[in-house]
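Work through the exercises below with the sequence and the structure side by side. Try each task before you read its solution.

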Amino acid sequence: MDILLIGGVSSFMRLLVDKLAKEGHKVYVLTEEKKENYSFQKVFETYHFEYNNVCIREVFESVKPDVSIFTGAYDMNFTWDDAQNTAVKYSSGLMNILLGFAAANKGRFIYLSSEEVYQKSYAYEIEEEEPYTAYTQKGQALAIGEEMCINYQKMLDADIVVLRLGHMYSIPGEPAEMDKLCAKMCMAAIDTGEITINTQHRHSIIYAPDAVEFIYKIASTKRHDYNLYQISCPEPVPEADMAKIIQNALGGSGKVKIAEENSGKDFGVVLSSQLFADEFGIQIRHTPVKALPELAKYLKKNVTKFSRLDEAPRSFLERLKMKTRGLFIAAVPFVENLVLFIPFFMLNNRATGSQFFSHIDFYLLYVLLFAIVHGQQQAIFSSLLAVAGYCFRQMYNRTGFDVLLDYNTYIWIAQLMILGLVVGYMRDELRMVKEEDEHEIKYLSGQLDDISDINVSNVRVKEILSDQLVNQNDSFGKIYEITSRLDKYEPEEVIFYAAEVLSKLMGSKDVAIYMVANRSYARLFSATSTKARSLGNSINYQNMGAMYESMMDKKVYINRDMDGQYPLMANAIYSEDEMQLILMVWGIPWERMTLGQANLLVIIGYLIQNAVIRATRYMSALEEQRYIQGTNILEEEAFTSLVRAYLNAKAKNLTECTLVLIETGIMQRIKISQELSPLVRQTDYLGELKDGKIYALLSNTSTNDAEFVRRRFIEKGFQCQIEEDVAI
C-alpha cells in the first residue's frame, strides 16, 4: 500500500516509518519542517509544506495514498508554547488536510488523538462516547479535531478513523517529545530524588511500539465496525506502582524517595480499550515493568539533555535587561534624531548672518532627511525639534511673545510640517508597497518551489512506470505469456520447467521448488543452481521460523535480515488449504526486495499452480492405466515418459536423478511391488521399461547418494546396478 504519514520528526514517527517499511509498504511523509532539518530513511518521498498550504491538495492527488495517518496530538510540528496561536494553526491545518483527503477521494484517513480531551477526574473507565471535558487550549484543539474528522466522515461517507491513545510514552529523542506522565516522573526522580504521587491515581499507559502495532492493525484491516477507538493498556497501573518501578530502576529507596500527595477524590483518567480489543484484540508486549526501567535509565544516561533544572526563573537584572533591550532598539531612531539635530542647529545659527547661506533653510533639510529615511513618525519628531530650535534662535533678538505673534513663524511651521508629513507619508506608503511586493514575490516563489517539488516526485514515479512499460519484464501480459509455455510440456515435465519459468520471471539464477511430502517435510523437486540446492534435498519447513509463519499466513516471506540460512524470498502454493509446493528464490538485489516483487511472486505462483494442478489431475485420472494392476509399478509407457522427463531436466541442470536396474528374475509383479515399495521414498518411482526389467527412478538423488539405496536393495536380496546410460 501507499501510506502518507503527516507529522514532524520524532521517535514515534520513526517507529511508524520502520513498521510500515518492514511490512513492505511504500511510505510518503508530509511535514512542515524545513528540508535541511528533516531526514528519514525508508521513506519513498518527503513533502515539506505548511499544513494550510494550498499545495496539500496537490500532494494528496499526486500520492493517492491508500492510508493517510495524521499524527495529530503527537505531531512535533506543534510545540504548544503559545497555546492559543498553536490551537488556531492546528485546527486550520487539519481542516486543509481533510480537504486535500476529500479531494483525492481515496483511501482511509486516521487521526491520532490522546487522553488530553478528558481533563477532569473520573472514578470509572472512560468509554468512547463520554463527552469531552478539556479546558486547556491543546485539549480543546484535539477535541475539535476529533469532531471535525467525525463530521467529515458523516458528511462525505468517507473512511475516517479517530484513534484516541491513552498516556502514550516512548524513549524521547528531544526534550519536546517527553510525555507529561512517565517521563515527568522519571525526571523528577533524577533531578530532585523524589517522586510525588497520588495513591488514588491509576493510568492506562501504553508504550509507543505497542501503540504502533495497534495503529497498523487499523491501517491494514480491510474493514472496521466503528470510526472511533480508544487504545490503551487493558490493565490500568496505579501511580504508586509506576513510582516503585522507576525507583527500583534508579537505585532503590536509598536514592529515590516516594512522597504521597493525595487531594480529595481525584482518580485521574483511564481510557477503556474494550471496543478495540473486541474487534482486533490487544496484546501488550512492552509492559510497564519492562518499559519504564528502560525509559528511566535512558533519561538518567542523558540527564544533561533532558533535565529542566536550568529553567529556573531569571534574576531581576536579567529580566530588566531583556525588557529594556526592546525599548532600546525602538529608541535608536529618536536618539539618532536628537544627535543629528545638534549639527543642523549649529549650521542654521551660522547661516543666519551669512551673505551666501542665509536663504538656506537647514531645518527644512533636516526634517526632509528624516522623513525620507525613517518616515512619518520621525518626520513629526524632527519637525518638533526644528520648531523648538527655530523659536530658540529667534529669541536671541526678540522676546518669546514677539515670536508667538509673528505670523511668519506659523507660516514657516506649516511649511515645515506639511513637507515633512507629506514626504514621510509617501516614504511609509512606498515602504508598505515594497513589503507587500516582497511578500507576494516570496509567496509566489514558495508556490513555484512547491510545484517544482511535486513535479520532481511525479517525474520520479513516471520514470519508474515508464521503465516498467518499456522493459515489459513484469507486465501481466509478459508473465502470462511465459507461464503459459508450461502447457506445452508433458504432465511429468511441468514442475521441472516451472523452476525455469520462475527463474526467468524473477530475474534470478537461483530458484528451487520443493514438493510438500507431509505436514513437516518437503522434498526438493527442481532447482536451477547449486546455491538453490543449499538447503538440502529434504527440509523440515515447520522449523524455519519467520519463513514458516509467513507461509502459514499465506504471505510472501521476505528475508529482510539477509539471513544466509534462508532464501531471500519464498512463497507457498496451496490447493484446498493444503500446502503443495514451496517456491524459493535467491540472488535478488536488495532494492528489488519490495512489496511489488512479492506480489509478482504471488502472481507467478498462482499461474504455476494452475499448470501443476492440471498436470496432477491429468495423471490422477489416468492412474489406473499408468500402473500395473494391483501394484505401484508404472507400466512401460508411463514409466518411459517419466524417465525421459527426468533425464531431460537433469541435462538442463534442473534436477538430479538416478536410474537403478533391479534384477527380479521370474518373481511376480505383485510380489515385487510388495517387497520393493517399503525400500523407496514417496518421491521415488518403480517402473518397467521396454526391456521388460524393473527399474527404480530415484528423484533428487546423485549417483553417490544412490549407493545407499542400492545397498538397501541388495540387503533385501535383489541384485541391482546403477544405469548411467539408458536408451529411452
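**Exercise 1.** Leave aside the neighbours of F109 within four places in sequence. Which residues is F109 in contact with?

*Solution.* Use the predicted model. Start with the partners that come earlier in the list: I6, S68, F70, L94, I97, L98 and F101 are among them. Then add C149, D159, I160 and V161. Next, place F109 in its surroundings. F109 belongs to the largest nonpolar core, which has 76 residues. L5, F70 and F109 have the most contacts inside this core. Helix α6, residues 208-220, supplies the largest share of the core, eight residues. A second, separate core has 27 residues, including Y169, M187, L250 and L292. As general background, nonpolar side chains in soluble globular proteins tend to be buried together.

**Exercise 2.** Describe how helix α3 packs on helix α4.

*Solution.* Locate the helices: α3 spans residues 83-104 and α4 spans residues 137-156. Take the geometry next. Their axes are 9 Å apart, at an angle of about 15°. Angles under 35 degrees count as roughly parallel, so α3 is roughly parallel to α4. The crossing of the two is right-handed. Finish with the contacts. On the α3 side, the meeting residues include A83, Y90, L94 and L98. On the α4 side, they include Q137, L142, M148 and C149. Two of these names return from the first exercise: L94 and C149 are both in contact with F109.

**Exercise 3.** Is α5 parallel or oblique to α7?

*Solution.* Helix α5 covers residues 182-192, and helix α7 covers residues 239-249. Their axes come within 10 Å. They cross at roughly 50°. That angle makes α5 oblique to α7. The crossing is right-handed. Now list the contacts. α5 brings C182, M185, C186 and A189. α7 brings E239, M242, A243 and I246.

**Exercise 4.** How many disulfides does the model contain, and where does C182 stand?

*Solution.* Recall the chemistry: a disulfide is a covalent bond between the sulfur atoms of two cysteines. Apply the cut-off, which asks for two cysteine sulfur atoms within 2.5 Å. The count comes to zero disulfides. Check C182 as a case. The nearest cysteine sulfur is that of C186, and it is 6.9 Å away. C182 is therefore in no disulfide. Now look at accessibility. C182 counts as buried, at 0% relative accessibility. C720 is buried too, with a relative accessible area of 9%.

**Exercise 5.** K64 and H167 each have a positive phi. Where is each one, and is each buried or partly exposed?

*Solution.* Begin with the general expectation: most residues other than glycine have a negative phi. K64 is not a glycine, yet its phi is about 50°. K64 sits in the loop between α2 (55-63) and β4 (67-70). Its relative accessible area is 34%, so K64 is partly exposed. H167 is not a glycine either, and its phi is also about 50°. H167 lies in the loop between β6 (159-165) and β7 (168-169). At 13% relative accessibility, H167 counts as buried.

**Exercise 6.** How many helices and strands are in the chain, and what share of its residues count as buried?

*Solution.* The chain has 23 helices and 24 strands. Of its 728 residues, 47% count as buried. Then turn to contacts with a separation of 6 or more. Residues 24 or more positions apart account for 70% of them.

Terms used
Residues numbered from 1 in each chain as written. Predicted model: local features only at pLDDT ≥ 70, side-chain atom pairs only at ≥ 80, totals over all residues. Heavy atoms only, no water. Buried < 20%, exposed > 50% of the residue type's maximum accessible area, 1.4 Å probe, protein only. Core = buried A, V, L, I, M, F, W, Y, C linked by side-chain atoms within 4.5 Å. Helix = DSSP H or I, 4+ residues; strand = E, 2+ residues; numbered from the N terminus. Contact = heavy atoms within 4.5 Å. Axes fitted to C-alpha atoms, helices over the stretch in contact; angles between N-to-C directions. Parallel < 35°, antiparallel > 145°, perpendicular 65-115°, else oblique. Left-handed = near helix turned anticlockwise from the far one by under 90°.
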